[in-house]
Each structure stands twice: as C-alpha cells, then as structure tokens.
Amino acid sequence: MDLKSNHTAPVLTDSPPISKSRLGVHSLPYSPPGPAFSPGLILTIPRKKTGILDDVRSCSWLDAMKSSSPPHRKITKGVNNEFATSDADVAYRSWMVKYPSALKSFEQITNFAKGKRIALFMDYDGTLSPIVDNPDCAFMTEAMRAAVKKVAKYFPTAIISGRSRDKVYEFVGLTELYYAGSHGMDIMGPVTQSISDDPINCFRSTDKQGKDVNLFQPAAEFLPMIDKVYRSLVESTKGIAGAKVENNKFCVSVHYRNVDEKSWDVVAQCVHDILKDYPRLRLTHGRKVLEVRPVINWDKGKAVTFLLESLGLNDCDDVLPIYVGDDRTDEDAFKVLREGNRGYGILVSSVPKESNAKYSLREPAEVMEFLKSLVSWKKSSAL
C-alpha cells in the first residue's frame with residue numbers, strides 16, 4: 001500500500017446534520033459509492049497569518065466546529081399531555097428511508113450473511129461507549145463489555161479507534177479482540193506471512209497475554225513530530241478553560257467540548273498557529289474535537305483492509321465485513337465496504353447526516369442489541 005505523505009494539509013469535518021428541507025421522502029436517491037461530503041467542507045490551512053483570529057475565520061474553521069456540534073432535539077408536549085412529534089423526529093424517520101435501522105433490517109442482513117463468515121469492526125467512542133464531557137471517563141458498561149466479549153467468541157472482531165491503542169485497550173479490557181489505535185495507524189494483529197512485505201513499519205511483538213502478534217505502524221516516522229506538537233498544544237491551550245489536549249500516539253486530539261463557545265475561536269487559533277509550521281500534518285474535525293494527524297495515505301478504511309488481509313479474509317467471496325461507527329473518520333471504512341458491495345457499514349447517529357453507510361443505529365444501546373442479535377443468530381444457525 002502507498003504510504004507516501006504529501007505536503008497538503010486539508011481540514012476534514014464531520015457531515016453537518018441534514019435539514020428537514022433536504023429530507024423529502026421522494027428525494028432520497030441511493031447515494032452512489034464515493035465521498036458523501038460536500039467539497040465545501042474540505043478547507044485549506046492558510047500559510048500566512050492575517051490577523052488575530054482572521055485565519056480560522058477565513059478558512060471557516062469555526063463553521064466546521066459548529067456544524068459538528070448539532071443542537072439537542074427539542075421535544076414539545078401536545079394536547080392531552082402527550083409528546084408531540086417534533087420536526088427532528090420527522091426528519092430522522094425520513095432519513096431512515098435511506099439508512100434503515102440495522103435492527104429492523106436484521107433479517108435482511110443475516111439472509112445475505114448465510115454461508116459467509118462475518119468479520120466485525122467497530123469504533124469505540126460514541127459506538128461502544130457514550131460521548132461524555134470528559135474523554136478520560138468514556139467507559140463502556142459491563143453489559144456492553146459482555147456483549148462484545150460474546151460476539152468476539154463467534155466472529156473475528158476488531159476495534160478501530162482514534163484513541164491510542166493502549167488507551168482503548170484499557171477501556172475495553174478484552175484479550176479476545178484485535179485493536180487498532182490512532183485511526184488505524186497503530187494496529188495489533190495476528191501473526192501472518194501476508195504482511196512481511198513491509199518490514200519497516202511492521203514488526204513482531206507480544207500482547208498482554210504474552211502471545212505473539214504483529215504491530216503495524218505506518219506513521220512510525222512521525223512519532224517525534226507528534227510528540228513535539230502535543231507538548232506545544234498543551235502549552236498554548238493551558239489558559240483556555242475547559243480545553244483538553246490528548247496524546248493518542250500517532251495523532252493529537254484537542255477537545256473543546258467543555259470550552260465556552262465564545263472561546264472556540266481561541267482554541268482553533270492555537271491549533272492553527274502551531275500546525276502551520278508542520279506541512280506534513282493535517283487537521284481533521286470530529287465531534288467537538290480537533291485532531292492533528294500525519295499526512296499519509298492511511299485511514300480506517302485501509303486499516304480494515306489490512307486486518308482482513310492479516311486474518312486471511314480479504315478478497316474472499318464467503319466473507320462479510322461489517323463496520324459499526326459514529327464519526328466522520330469511520331466514513332473511510334464505510335466507503336471501503338460499500339465499494340464492490342464488500343460488506344455493510346452501520347452508522348451510529350441520533351441525527352440525520354450524509355454517510356457511506358448502508359444501515360444505521362441510533363445509539364450505543366442499539367449497538368449492544370445488534371451485537372446480541374448477531375450472537376443469537378450464530379447460535380441458532382449452528383443448531
């Protein structure tokens with residue numbers, strides 16, 4: 001795979017929620033394979049500073065930060081003290097015509113899966129755990145952990161997270177899974193011969209249980225640079241109340257969830273002022289988080305392909321990969337599975353937004369029900 005970096009630094013944002021006017025039931029053509037995001041959301045970092053906050057405003061960073069933080073749904077009471085259907089509910093139901101519930105479509109999914117081997121891939125934050133104010137407290141429930149443990153007993157299962165690999169392992173704590181951190185730039189996979197063609201970025205190691213594994217780190221050369229940027233961001237944001245900088249090994253996350261919205265521009269400016277001196281790094285934008293990442297040809301979609309190859313499941317007609325995720329970075333994985341009808345992407349979202357996914361789930365609780373359903377289906381099909 002081509003891992004060469006380039007010297008552009010685009011800003012990628014999460015898809016904005018779809019307005020009701022865009023959701024007419026008769027105007028929902030099935031989206032073709034390819035990026036589902038407006039070209040207007042791909043921004044370029046200006047190289048010259050034009051004023052105190054002009055840089056982040058001129059390149060629409062603030063608009064991107066707000067678009068990734070949709071307001072909570074408002075529910076109003078109608079006559080007889082019953083909850084009336086809100087506009088958001090109408091929009092969501094219309095959106096589900098294009099992205100039907102994976103639970104309600106479970107029979108359709110399993111009918112396609114008959115005679116195939118399912119490989120399961122999942123994000124962590126917002127998928128297996130709720131989005132919380134403090135990223136250090138994004139704990140999964142014991143019920144969710146039990147569901148993940150059971151599903152991993154029957155299907156090859158991997159978690160691909162923006163967190164560092166060690167950190168997501170601390171949250172999950174299951175040895176039955178494969179883990180990929182830093183948006184797939186730090187993968188722990190099974191020992192196979194299929195990845196021996198990249199000896200520079202892949203090396204033998206051991207897991208927590210002392211079992212031999214392969215570590216694949218395509219951005220290893222960026223570690224000193226990422227560490228330097230992390231320390232610079234910690235220093236530059238320390239005066240912003242609520243800002244938190246997280247070192248995820250191969251990327252740096254700047255959380256502004258607890259920052260007053262009036263100070264979001266200050267956060268963005270701090271990131272911009274540091275990032276402009278690093279043309280080999282780029283900024284991606286998630287849910288109330290700015291993430292600095294290496295500019296290499298690698299993402300969660302390529303991580304899925306790599307893991308399938310490591311498991312000996314790539315390019316097999318009898319394999320059905322399923323990826324469950326909630327963030328913009330998961331779209332790369334959705335796209336890989338959509339292309340060539342290789343598998344299914346399932347978007348976890350309580351608000352309508354454009355996606356390369358095939359199905360949807362509303363929240364982590366529904367993800368858990370989906371995992372339980374997979375286990376029940378597997379048990380019954382084995383009888």
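A residue counts as buried when its relative accessible area is under 20%. By that cut-off, cysteine 251 is buried, because its relative accessibility is 0%. Cysteine 137 offers a useful contrast: its relative accessible area of 37% makes this residue partly exposed. The model examined here is a predicted one, and the number of disulfides found in it is zero.

Stepping back to the whole chain, the fold comprises eleven helices and 15 strands. Of its 383 residues, 52% are buried. Contacts that span long stretches of sequence are well represented: of those between residues at least 6 apart, 67% link residues at least 24 apart.

It is then natural to ask how the interior is arranged. In soluble globular proteins, nonpolar side chains tend to be buried together. In the present model, the largest nonpolar core holds 54 residues, and the members touching the most others are Phe121, Leu233 and Val292. The most generous contributor to this core is helix 8, spanning residues 264–275, which provides seven residues. A second core of 40 residues is separate from it and includes Ala102, Leu174, Tyr179 and Leu320.

Leucine 233 deserves a closer look. Setting aside neighbours within four places in sequence, this leucine is in contact with Val245, Val252, Val254, Cys270, Val271, Ile274 and Val292. Val292 thus appears twice in this account, as a partner of leucine 233 and among the core members that touch the most others.

Phenylalanine 222 sits in a loop, between strand 8 (212–216) and helix 7 (223–237). Is this loop residue buried or exposed? Phenylalanine 222 is buried, since its relative accessible area is 1%, which falls under the 20% cut-off. Its C-alpha atom lies 9.0 Å from that of arginine 280, although 58 residues separate the two along the chain.

Finally, the interior also contains empty space. Three cavities of 30 Å³ or more are present, and the largest of them has a volume of about 380 Å³. Its lining is made up of 24 residues, of which Asp125, Ile131, His255, Arg287 and Val289 are the closest to the centre. Strand 10 (252–255) and strand 12 (289–294) each contribute at least two residues to that lining. What is the chemical make-up of the lining of the largest cavity? Twelve of the lining residues are charged, seven are polar and five are nonpolar.

Conventions. Residues are numbered from 1 along each chain as its sequence is written. This is a predicted model: local features need pLDDT of at least 70, side-chain atom pairs count only at pLDDT 80 or more; totals for chains, interfaces and linings use all residues. Side-chain values use heavy atoms; hydrogens and water are left out. A nonpolar core is a set of buried Ala, Val, Leu, Ile, Met, Phe, Trp, Tyr and Cys residues joined through side-chain atoms within 4.5 Å. Buried means under 20% relative accessible area, exposed over 50%, partly exposed in between (1.4 Å probe, protein chains only). Helices (H or I, at least four residues) and strands (E, at least two) are DSSP runs, numbered from the N terminus. Contact means heavy atoms within 4.5 Å. A disulfide is a pair of cysteine sulfur atoms within 2.5 Å. On a 1 Å grid over the protein atoms alone, a cavity is a set of points where a 1.4 Å probe fits but cannot get out, and a pocket is an open set with protein on both sides within 12 Å along at least five of seven lines; lining residues have an atom within 4 Å of a point. Grid points are joined across faces, edges and corners, and a volume is the space filled by probe spheres set on the points. Ala, Val, Leu, Ile, Met, Phe, Trp, Tyr, Cys and Pro count as nonpolar, Asp, Glu, Lys and Arg as charged, and the others, Gly among them, as polar.
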